[in-house]
Amino acid sequence: MPRPEINWITFSIDGREVKAPENAMLVDAAKYGDVEIPVFCYEPKLGQPVGACRMCLVEIEGIPKLQTGCSTPVKDGMVVHTQTERVHDAQRAVVEFLLINHPLDCPVCDKGGECPLQDITYGWGPGTSRYIEPKRHFVKPLELSPLIAIDRERCILCYRCVRFSQEISEDYQLILNERGAHSFVATFDGHPYVAPFTGNIVELCPVGALISRSYRFRARPWDIEGAGTVCTLCPSQCNVDLTVRDDRVLRVSARDNDEVDDGWLCDKGRFAFQHIHVDERITEPLMRQDGKLVPVDWDTALTAAAQALGEAGPRAAAIADGETTNEEAFLLQRLFRERLDCGNLSARPGGDLPLPLARGLADPALQATVPDLEFAHAVLLLDCDPIDDAPIFDLRLRKGVRRRDMNLVVASARPTALDANATTVLRHAPGTAEALLVALDAALSDDRGNLGGAASAAGSSAQAVQDLLEDLTSAGGDIVILYSERLFGGPRGPQAAEALLNVANRLNLTGEGAGLLEIPIGANGRGVREAGFAATHGPGFAPVANPGLATHGIAEALAEGQLSTLYLLHTDPLRHMSDGELWERALSSAQTVIAHESLMTETVATHADIVFPGEAYAEKEGTLVHPDGRVQRLRRAIGHPTPFNRHPGSGVRAGWQVISDLAKLLGLDFGVFAGSMASQQLFAAVPFFNGLTLDEIGGRGVRWPAREAARLAFGETSREPVALDVPPAAAVPSEDALRVGTFRPLWSSKEVDVSPILQYARPTQVVELSPVDAERFGVADGDKVEVGVNGTQVQGAAKLRHAVPEGTVFVAEGLSDASSSLFNYGTVQLRRLGGSAEESPINPIIGMPAIGESPFNPPRHELRESPPGTAPRMNE
């Protein structure tokens, strides 16, 4: 869908001739003439203005009454006045009216010093108050949610928070109760406001009515510094601004970038910053002695690691994930390939793809952008749920449906949060996305033979596939396929990639506004692979002479004793890799496990022999690559932590420095003495990064697929559709067995596990099944159940969801306990255990809420009052 064309017009404001986009709201158009019109309720990100606060009143020649600048589009030749006495009187009256019941508690208000109401009162207010009557009072503060407190006396009824809940996140949980001067913001029926994006209302609030409980009474604006960087807690890579005081991060705010995050943050990115300063942080090198990890100095740890890697040589392996930067991945792969003559490197939990397929999927012509999710004619959501995999993409898709009438087509095994917004929803069996792609390819090529067989293998029908394709192609040619890296997991990953490229070719997804967009499992999954950290290719997808083992092969070789040393860079195989049983044997069999990690996890505590303390993202410098190819820059906001009562050199070191020092001990000198030097080497080694500089990347990033020089450097990847085989059919459920699928909740991360304020959301296992199957197995919602096969069991709370297909059960993976990574796609038995979720420690809060059918089911309670004179503690 073509972007709206900008038609520039000329209008007059306060005697100045100003050029501005036609139909822009006067509030925005005035800024082109350096004129500020005060607002409270207006926020462009919220969509159509409501004109609730009346603060933006202006005088327009030819219109007798004052008009709201936030809801009046500018036209050519319009004459506007903002400085007449009539306007000033109206603005002073509005401010005076707002202050009638607003408490004068600026000295103790967390918004004080950065409050629009303060600024506007000083700039446009009357300066004195005529009101002497008692002010309105509410009980305060109230717990609106586990993350947010509300002071209802300060609320000016701007509607921003309610509009966000109803029009942006579409969770419909916030409402206005009562009428007139007694109106106040509340949640529906007194339920706590528990949703994926609640923290955004704190930032939207123009006064101190909505307060972050983690920031309340922590600092004042003159005590703090701001530092811009990129969040690495999920693949969305949102641009953030960190509030820092005394070298500690106290708050995370959105740093608007329309090309990346549209100015929103999820609650994980906004509140999980607490993991930076918890007791679980690893702040010094550790080595295992007599079965325990004990602190050692850097020289000892580096020497031991260098010795282990040197002795292992080609029998070493490395896995990277999470917040690994491009520079760290690039240097580590250099160390392994150039010094150890070893290519056993992997950053894909499901295994690396052959080089031609990896290059084909990275073809610049096929790369869709984040804004394309909003402006495309149609988007196919393929076997992923953005609310869990990349939450900000969920908001972008909702925006496209709501404002652009985009066709959203969902094809997934598990119900998604976007099903209610979709024009077509197709359910396939777990693990059969490849079969669905083969069926789509057959429908596009009019191959009736493959169509029926592949559709049946996917657990669907030929007619359903054709209906999906009709809906996908009928709206227009700008089509985006949004899919997860999980699509390529397992032994048939290459075949799934072939099928996806076939479909992309037949749909001609090479034009502007169309293409493929992959959501990697790790935050920087794309960047790590483009830096050359892969078994099948080097930097920039360069061929390698001796391809190494991928993830599954590394685990098998370690378990069988063919490999001896494993380097884990910001990854936890037991938590994030499939086949947890195999990885348990692999880690137990390895002679040396080197863990480069920022937090003490169960895997590190149990299996690591040498531990290098890793940086949190607020301490890092380097670059990342967004899923749409945008190279972004991490900037260091705080210093590295140092253990108490130890010398300064014993603390955390930069990741690039650790790898460089390790290489030097092994006889390979990278010549890297600063993070910027590592970036320069990376940009020189990756052909399509050539010419990039850190200054050019700046705070907004650079999409390398959009650079002509980069496209030429990448080379041709023209590819014709290939013949596809119908994959094996999905497992068939029986009277006593159900098909099993897995999903990874947004909250399943080590950062959430240790963040005090997010303990309410820390996921534990749930078992999602349909009411029909629940009745058959005698299971009620909330019952404690067990699913298992071949002696492997996982226990969890039953969650009945009407949208789950009959004969299928879904369990969560990536949890700190009871991980379903023990299961591959197939069938499992289910049985009810004694007790229920309420009687057991199992927490029913997991995943993200879907519209009308939420996996969240928090206990109903009224909003609670905090004790007088106290502030919520960090661990509340």
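Two strands count as paired here if DSSP finds at least two bridges between them. Helices (H or I, at least four residues) and strands (E, at least two) are themselves DSSP runs, numbered from the N terminus. With that in hand, take Ile319, which stands opposite Leu568 in S23. The strand pair behind this match is S16 (residues 316-320) and S23, which run parallel and are joined by five bridges.

A word on ground rules before going further. You are looking at a predicted model, where local features need pLDDT of at least 70 and side-chain atom pairs count only at pLDDT 80 or more, while totals for chains, interfaces and linings use all residues. Residues are numbered from 1 along each chain as its sequence is written, and side-chain values use heavy atoms, with hydrogens and water left out.

**Domains**

The domain assignment, which is automatic or comes from a database, splits the protein into domain 1 (8-99), domain 2 (133-277), domain 3 (298-349 + 524-714), domain 4 (357-519) and domain 5 (737-849). Between the C-alpha centres of domain 1 and domain 3 there are 53 Å.

**Sheets and strands**

Back to the sheet with S16 and S23. Seven strands make up this open sheet, in the order S15-S14-S25-S24-S23-S16-S17, and the pairing is mixed. At its edges stand strand S15 (292-295) and strand S17 (345-346), each with a single partner strand, so one side of each has no neighbour in the sheet.

There is also an open sheet of three strands, S26-S27-S28, with antiparallel pairing. Here the edge strands are S26 (622-625) and S28 (702-703), each pairing on one side only. S26 and S27 (residues 630-634) are antiparallel and share four bridges; Gly622 has Leu634 in S27 as its bridge partner.

Near the start of the chain numbering, S1 (residues 8-13) and S2 (residues 16-21) pair in the antiparallel sense over six bridges. Ile13 sits opposite Arg16 in S2. The two strands form a hairpin with two residues between them, and Asp14 in the turn has a positive phi of about 50°. S1 also runs parallel to S5 (residues 79-81), with two bridges joining them, and Ser12 has Val79 as its bridge partner in S5.

Then there's S29 (residues 738-743). Six of its six residues are buried (under 20% relative accessible area; exposed is over 50% and partly exposed is in between, with a 1.4 Å probe and protein chains only). That is why S29 counts as largely enclosed by the rest of the structure. Five bridges tie S29 to S33 (residues 808-812), and the two run parallel. In S33, Val811 is the bridge partner of Thr742.

**A covered helix and an exposed glycine**

Helix H22 (residues 655-665) has these buried residues: Gly655, Trp656, Val658, Ile659, Ser660, Leu662 and Ala663. Among the elements in contact (heavy atoms within 4.5 Å) that cover them are helix H7 (298-312), helix H8 (326-339), strand S24 (592-597) and helix H23 (675-685). Just after H22, Gly667 takes a positive phi of about 90°.

Gly127 is another story: it belongs to the loop between helix H3 (116-124) and strand S6 (142-143). With 71% relative accessibility, Gly127 counts as exposed. Gly127 and Val95 are 32 residues apart in sequence and 9.7 Å apart in space, C-alpha to C-alpha.

**Cavities**

A cavity is a set of points on a 1 Å grid over the protein atoms alone where a 1.4 Å probe fits but cannot get out, and its lining residues have an atom within 4 Å of a point. Grid points are joined across faces, edges and corners, and a volume is the space filled by probe spheres set on the points. A search of the whole structure turns up seven cavities of 30 Å³ or more.

| Cavity | Volume | Residues closest to the centre |
|---|---|---|
| Largest | about 450 Å³ | Leu233, Lys268, Ile521, Arg744 and Ser748 |
| Second largest | about 240 Å³ | Arg348, Leu361, Ala362, Glu518 and Arg529 |

The lining of the largest cavity has nine nonpolar, 10 polar and 13 charged residues. Ala, Val, Leu, Ile, Met, Phe, Trp, Tyr, Cys and Pro count as nonpolar, Asp, Glu, Lys and Arg as charged, and the others, Gly among them, as polar. For the second largest cavity, the lining has 11 nonpolar, three polar and six charged residues. Domain 3 and domain 4 both give residues to that lining, so the second largest cavity lies between them.

Terms used: On a 1 Å grid over the protein atoms alone, a cavity is a set of points where a 1.4 Å probe fits but cannot get out, and a pocket is an open set with protein on both sides within 12 Å along at least five of seven lines; lining residues have an atom within 4 Å of a point.
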